[in-house]
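Open the model in your viewer and keep the selection tool at hand. We will go from stop to stop, picking residues along the way.

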Amino acid sequence: MNDPHRVKLVLFSDTFPYGTGESFLADEIPFLAEAFHRITIFPLYQPGGGKRKLPPNVDVATPLLPFDHKDKKGFVKYGLWCKAPIFFATGEFFRALFGWSRKAGPLKRLRIFFNYFLMLRTILGRKKLMEEIVRECSFADKIYFYWGDKSVMIAPWLRKRLKPNVEFMPTFLARFHGSDLYEEAKGFLPFRKMILSDIDYAAPVSYDGMRYLKNRYRHIPPTVKVWHLGSAHHDENFKNLLSDDNSDTAFNIVGCSNLIPLKRVELTLSALQLLQKDAQAMERVRARGFDKIVYTHFGGGQLLASLSKKAEEISSDSLHICFKGTTPHKDVLDHYSKNGADLFILVSSSEGIPVSIMEAMSYGIPVIATNVGGVKELFRNGPVGYIIDADLNAEDLKKQIVEYILLPKEIHSQMKKNCYINWKEEWDAQTNYKAFAEELLGI
């Protein structure tokens, strides 16, 4: 194995360490910092929200984009009028134009193509930035792209520019999660052949992701190996497992996700609305000892206003819904620790392997989730809740919620304990990230 006192890692993130996103990378970085002598991070862009504290051997370099990655005017200004290459993208343009997707027609595919194309040209056209990247990577042993779709697009050009500057080419590694892997999530992901042909090691976060890579693409890296994510648990004395006795007469449901169409949070609201209107079901819920249902959702996004409005319209004495909006990661975990919860719901149409579920389980919260991506891998040690078909409707989800609520008290209690045991055995960040850091150091 390499000597960690002489090994440098260059890491490409989306926003980390800026803002509040990529909380799972925040959990991983201490283990990387322990394994490597120096780490340099290149964020894709810098959002608002300040900069998180980093280990002393971790530096932050210039963001790849001088604007938000969704700023169309920025792409036109920097990506259209620059001297970066153009004709390498001809094949991808025609794949976007004439390809087929259930979720994206030609116009949407072309829009996605041009977003990625102009993003890449923006990065390649920034001469001083590319010189900084080449300089930092010339002293690196490993180059680690945390996502498999954006920053990693520079890999072919980076290899070419590093070649005359290094005796040994660094190892190029990329993680693959959900929206950066499954083309069905967005409808189209450009430059897959180019990306997969120019990295040495693909690290999908689920076995489903590994199968997807191997079955869908002919050009894949020499090494493809699953490395699960994990969540950090910050409090051993959390409410859900303190006692089998719960005097709370509200049945508390939580959710945690961005409020975007893919997460289908409106489906959860519709299911709760149906439950509220079902007098017979609500009578059975009250007979079970719960006089009302409380749903609390953490996360912001484009649908926050419309979902909050619907929540106000359907809330009543027997149903209370609260959207907390964008919430610091620590505050979400504090809520789980101090308040506990009876159930966590995530009904996305596409996922990688959700850290939000790992976090809920680490606090003893059973889960209802759709069987997409690698979600089923979170249910291997159970019972810890219900995994349900992704094609469900609101009535199906309502029935599943009622079925769980009506389970005997002792089964609720056992499921909560099973969740914690499952997390501890399979999804503890300390175990998973330490092993991954050692693998990254040694490859």
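**Stop by stop through the sheet**

Select strand 11 and strand 12: they pair in the parallel sense over 3 bridges. This is a predicted model, so read every stop as a prediction. Now pick Leu-346; Ala-369 in strand 12 stands opposite.

Stay on strand 11. Which way do its side chains point? Leu-343 and Ile-345 point one way, Phe-344 and Leu-346 the other, and all are buried.

Next, add strand 8. Strand 8 and strand 11 pair in the parallel sense over 2 bridges. Click Val-254: its bridge partner in strand 11 is Phe-344.

Move on to strand 13. Strand 12 (residues 367–370) pairs with strand 13 in the parallel sense over 4 bridges. Highlight Val-367 and you can find its bridge partner, Gly-385, in strand 13.

Now show the whole sheet. It is open, has 6 strands in the order 10-9-8-11-12-13, and the pairing is parallel. Strand 10 (319–325) and strand 13 (385–388) are the edge strands, each pairing on one side only. On average, neighbouring strands are turned by 15 degrees against each other, direction ignored.

Select helix 13 (residues 329–339) next. This helix packs on the sheet and touches strand 8 (250–256), strand 9 (292–298) and strand 11 (343–346). The direction of helix 13 makes about 160 degrees with that of strand 8.

**Last stop: the surface**

Go to Trp-81, in the loop between helix 2 (72–80) and helix 3 (90–98). Is Trp-81 buried or exposed? Trp-81 counts as exposed because its relative accessibility is 68%, and the cut-off for exposed is over 50%. Add Val-76 and Leu-80: with Trp-81 they form a nonpolar surface patch, with about 340 Å² of accessible area together.

Methods
Residues numbered from 1 in each chain as written. Predicted model: local features only at pLDDT ≥ 70, side-chain atom pairs only at ≥ 80, totals over all residues. Heavy atoms only, no water. Pairing = 2+ DSSP bridges. Axes fitted to C-alpha atoms, helices over the stretch in contact; angles between N-to-C directions. Contact = heavy atoms within 4.5 Å. Patch = residues over 30% accessible without salt bridge, like charges linked within 9 Å, V, L, I, M, F, W, Y side chains within 5 Å. Areas by Shrake-Rupley, 256 points an atom, 1.4 Å probe, with all protein chains shown as cover. Salt bridge = Lys/Arg side-chain N within 4 Å of Asp/Glu carboxyl O. Buried < 20%, exposed > 50% of the residue type's maximum accessible area, 1.4 Å probe, protein only.
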